[in-house]
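Welcome! A visitor and a guide are about to look at a protein chain together, one question at a time.

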Amino acid sequence: AGTIALGSGDVQSNFLYPAFYGELASDQVLSRATQTKVTGMTNDEIDTDSAFNGTTFTVPSGKAGKYFIFANIFANFSDCGNDGEKIQIEIFKNGSSVRESTYNSAANNQIVTFGISVNAMLDLSVGDTIEMYALIQDASANTGMKLGSGGQATHLGGYRIGT
């Protein structure tokens, strides 16, 4: 982490740090219409301050401030009848939802794969936690709904933008 001199002579230390990011390392199968914490985002991981364990980011000591948080899920209904009807993603702060994005099918529940994102600007204090939850639902109540990994990039990340 370095120091950046701004035009007015002000100085911002540790600009954009801490930063974290992780992609789902393997597909995560979800139960139908059940809000589920997304875990195992250890692929292509970035963790500048050892504050992200692939599931939860915890604001490290001395790093309180304003953060930009972003998340994406890639819902895949190909193993359960190709009839997805609802996809929801949420960012949780300290165990409670603070941002949500939802897609409901209006076309006879025929979602096969679909990506959805959510992001937030949050004031975070030392010790605050950030997690991602997902809910996906198909029309036929089959098993096998999953969040995609790899190139399908279910991911969670964020970085501090100021104090």
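What follows is their conversation, from the whole chain down to single residues.

Visitor: Before we start, what kind of model is this, and how are residues numbered?
Guide: This is a predicted model, in which local features need pLDDT of at least 70, side-chain atom pairs count only at pLDDT 80 or more, and totals for chains, interfaces and linings use all residues. Side-chain values use heavy atoms, with hydrogens and water left out, and residues are numbered along each chain as its sequence is written, from 1.

Visitor: How many helices and strands does the chain have?
Guide: Both kinds of element are DSSP runs numbered from the N terminus: helices are H or I runs of at least four residues, strands are E runs of at least two. From the N terminus on, every element in the order is written β. The count is 0 helices and 14 strands.

Visitor: What percentage of the residues is buried?
Guide: Buried means under 20% relative accessible area, exposed means over 50%, and partly exposed lies in between, with a 1.4 Å probe and protein chains only. The chain has 163 residues, and the buried share of them is 45%.

Visitor: Among contacts between residues at least 6 apart in sequence, what share joins residues at least 24 apart?
Guide: A contact here means heavy atoms within 4.5 Å. Taking the contacts in the chain between residues at least 6 apart, the share that joins residues at least 24 apart is 72%.

Visitor: Which strand pairs with β12 over 9 bridges?
Guide: Two strands pair if DSSP finds at least two bridges between them. β5 runs antiparallel to β12 with 2 bridges, and T36 has A134 as its bridge partner there. β7 is also antiparallel to β12, over 2 bridges, with F57 partnered by I130. I87 stands opposite I136 in β12, and the antiparallel pairing over 9 bridges is with β9.

Visitor: How many residues of β12 are buried?
Guide: This strand spans residues 129–138. It is mostly covered, and of its 10 residues the buried number is 9.

Visitor: How many salt bridges are there?
Guide: A salt bridge is a side-chain nitrogen of Lys or Arg within 4 Å of a carboxyl oxygen of Asp or Glu. One of them joins K63 and D49, with the closest N and O atoms 3.4 Å apart. By this rule the count is 7.

Visitor: How far apart in sequence are the parts that D27 and K146 tie together?
Guide: The side chains of D27 and K146 meet in a salt bridge, 3.8 Å from N to O. D27 lies in the loop between β3 and β4, while K146 belongs to strand β13, so the pair ties together parts whose separation in sequence is 119 residues.

Visitor: Is K146 buried or exposed?
Guide: Its partner D27 has 36% relative accessibility and counts as partly exposed. K146 has 14% relative accessibility, so K146 counts as buried.

Visitor: Which residue is linked with D27 and K146 in a network of salt bridges?
Guide: We have already met the salt bridge between D27 and K146. The network has a further member, and that residue is D79.

Visitor: Which residue meets the side chain of E131 in a salt bridge?
Guide: E131 sits in strand β12 and its partner in strand β5, 94 residues apart. E131 is buried at 10% relative accessibility, whereas the partner is partly exposed at 29%. The N to O distance is 3.1 Å, and the partner is K37.

Visitor: Which side chain makes a polar contact with E90?
Guide: E90 is found in strand β9 and is buried yet has no salt bridge. Lys and Arg count as positive and Asp and Glu as negative, with His and the chain ends not counted; the nearest side chain of opposite charge to E90 is K86, 8.3 Å away. A polar contact is a pair of N or O atoms within 3.5 Å; within protein, one must be able to donate a hydrogen and the other to accept it, and residues adjacent in sequence count only if both atoms are side-chain atoms. At 2.5 Å, the side chain that joins E90 in this way is Q35.

Visitor: Where is N82, with its positive phi?
Guide: Phi of N82 is near 55°, in a residue other than glycine. N82 is partly exposed at 34% relative accessibility, and its place is the loop between β8 and β9.
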